[in-house]
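Colleague: I have some questions about side-chain packing and charge pairing. Can we go through them with the model open?

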Amino acid sequence: MKRNNAVSLLVIIAAVALSIWFLKDSFIFYSKPIAVRQEYQEEHPNIFKRIFNLGLDLQGGMRLVLEIDRSQLNKDEQKNVLDRAYTIIENRINALGVAEPTIQKQGKDRIIVELPGLKNEEAAKRVIGSTAQLEFKLVREPSELMRAIRIIDNVVSGKAGIDSLETDTAADTTAQEEVESREKARQLFEGGVEDTAAQDTTIAPETITSFRSLLVQIGEQIGVPEKNKAKVDKILDREDVQNALQRAGMGGSQFLWGHDIIDQGQIEVRPLYFVKSRPELKGDAISDASAILGQGGMNQGQPLVSLEMNRRGARVFSRVTAANTNKYLAIVLDSTVYSAPVIRQKITQGRAQIEGSFTMEEAKNLAVVLQAGALPAPVDIIEERTIGPSLGQDSIRTGALAFIIGFALVVVFMGIYYKLSGVIADIALILNLLFVMAVMAGINATLTLPGIAGLILIIGMAVDANVIIFERIREELAVGKTVRSAVNAGYGRAFLTIMDANITTLITAFILLWIGTGPIKGFAITLIFGIIASLFTALFVTKVIFNIIVGSRKVTKLSI
């Protein structure tokens, strides 16, 4: 064996060894049953960085088409709105931990999101589509709440003139008035929850004459039994109710529902907060958000979302808390009050917590949304497609069967038609596939169903290169050249033809990779690596083997 052949053989052996090394983890992971893979992934958290991934069509998952709603944006706000929304959605998806997500812009208003292997589609949709408008709003005093209830009650009961008297009543500002109003509030709900519930059973929607009868007291705040929620919404949306509140000087206030449902015996009650419309602080003041477990009090062990504010936010928060000690501050996310703690003292550190009946996963998702920032405009999900894992497994089985049949037919044909040379081509074919899959694993590429089609196409292209070479060698042998000369001449004459065909295909594959989406990209990636591996095996590996055969002994006849 000549020295050049030995070096070339070592290069091939090294390439094979390196490929096996890169494919080792992929083989271990995908050889396990699907039910066991999740457990294996938890034991090896970095496994997805060492294997090739399966696309949406092979392992199941979700595809969403999002469209930006520009209707509420002015001209300045519409600048770069697609780019900003894309960046925020990308950050949120990356924080979800989905392996190999695909996020692409489409046109001027659409973003396509593909999440292969996603387990919780609903949670993902909430995280992606949430506008996450975080606001801190002061809760109105109990006296103001009681006054608003009386005004609404007057409108509902037809005593419209009475509310005008309310406008003559100045807002209670003294401590004595505060005590009196709280006492009146307790009297207002005299009879408790059970009495109110009893009344509700006899009240039909069209016969409602009392707003307060739909409410129950929760400490200094109010709540609404879940069965009354629609009735309360209907009353609060009435134009005459809104006008009455406006005339009473309460236009700068609004009612907001609470996030949590409180279990009060046999009924479930949702808090209803009366807050200032103008927020004291917005979500842009948040510099960091994280899910934690409560460390004490009623929140011991309860998942919470901890907020940290930037310098400006901390300064404003400090001023707001200093000026409103012993008042409630509602933390409002997307027009829902998640918590409304009492301000006990001035808070200077710029830290707050969102409390609620969260699971840890919900708290993490909320923190992800807050950390990534609010979307510049609402996004609508205009198309949703979910592919189940079973359908993905069917695709894999079908694709694998087609691949095996195609591969076997080619191997058998080459062995029969070209004999020993055909076997050499088959070895090159196997190495070709080994190299392609190893490169895909090495760079964490995604294998899609079109990618499997690409692998089948590669088989044909790789064999085609060997066929061109073998036919040239046959022609050289037919004119009486020696085996060594025929082999050298065959490779020399076939080189340009093979390069021409493969390079044009390579250019096409790069164009597909550039403009294609999802599965098309998967096809293009597989094709690119396949062509490069095909050139290496057809022009280098097989020639090294031929050189070893014709160089190690005097060969007068070639099996071809």
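The questions below cover cores, a buried polar residue, salt bridges and rings.

Modeller: Keep in mind that this is a predicted model.

Colleague: Which helix gives the most residues to the largest nonpolar core?

Modeller: That core has 61 residues. Helices α1, α14, α15, α16 and α17 each supply at least two of them. With 17 residues, the top contributor is α14.

Colleague: Which residues have the most contacts inside the largest core?

Modeller: Isoleucine 473 touches Ala486, Val487, Gly490, Tyr491, Leu558 and Ile560, leaving aside neighbours within four places in sequence. Phe470 also belongs to an aromatic cluster with Phe413, Tyr417, Tyr418, Tyr491 and Phe546. The residues with the most contacts inside the core are Leu447, Phe470 and Ile473.

Colleague: How many residues are in the second core?

Modeller: It is separate from the largest one. Its members include Ala148, Val156, Ile235 and Phe255. The count is 24 residues.

Colleague: Asparagine 502: buried or exposed? And which backbone oxygen does its side chain reach?

Modeller: Asparagine 502 is in helix α16. Its relative accessible area is 5%, and the cut-off for buried is under 20%, so asparagine 502 is buried. Beyond four places in sequence, asparagine 502 touches Met461, Ile531, Ser534 and Leu535. At 2.7 Å, its side chain reaches the backbone oxygen of isoleucine 498.

Colleague: How many residues apart in sequence are the parts tied together by arginine 212 and aspartate 153?

Modeller: Their side chains form a salt bridge, 2.6 Å from N to O. Arginine 212 is in the loop between α9 and β6, while aspartate 153 is in helix α6, so the pair ties together parts at a sequence separation of 59 residues.

Colleague: In the salt bridge of arginine 278 and glutamate 280, what is the distance between the closest N and O atoms?

Modeller: Arginine 278 is exposed at 56% relative accessibility. Glutamate 280 is buried at 17%. A salt bridge needs nitrogen and oxygen within 4 Å. The closest N and O atoms are apart by 3.8 Å.

Colleague: Which residues are linked in a network of salt bridges?

Modeller: The whole structure has 16 salt bridges. One network links Glu475, Glu476, Lys481 and Arg493.

Colleague: Which ring does the charged end of lysine 24 sit over?

Modeller: The cut-off for a charge over a ring is 6 Å from the ring centre. Lysine 105 lies over the face of tyrosine 86, at 5.1 Å. For lysine 24 the distance is 4.7 Å, and the ring is that of tryptophan 21.

Methods:
Residues numbered from 1 in each chain as written. Predicted model: local features only at pLDDT ≥ 70, side-chain atom pairs only at ≥ 80, totals over all residues. Heavy atoms only, no water. Phe/Tyr/Trp six-rings, centres within 6.5 Å; stacked < 30°, edge-to-face > 60°. Lys NZ or Arg CZ within 6 Å of the ring centre and 35° of its normal. Core = buried A, V, L, I, M, F, W, Y, C linked by side-chain atoms within 4.5 Å. Buried < 20%, exposed > 50% of the residue type's maximum accessible area, 1.4 Å probe, protein only. Helix = DSSP H or I, 4+ residues; strand = E, 2+ residues; numbered from the N terminus. Contact = heavy atoms within 4.5 Å. Polar contact = N/O pair within 3.5 Å; in protein donor to acceptor, adjacent residues only side chain to side chain.
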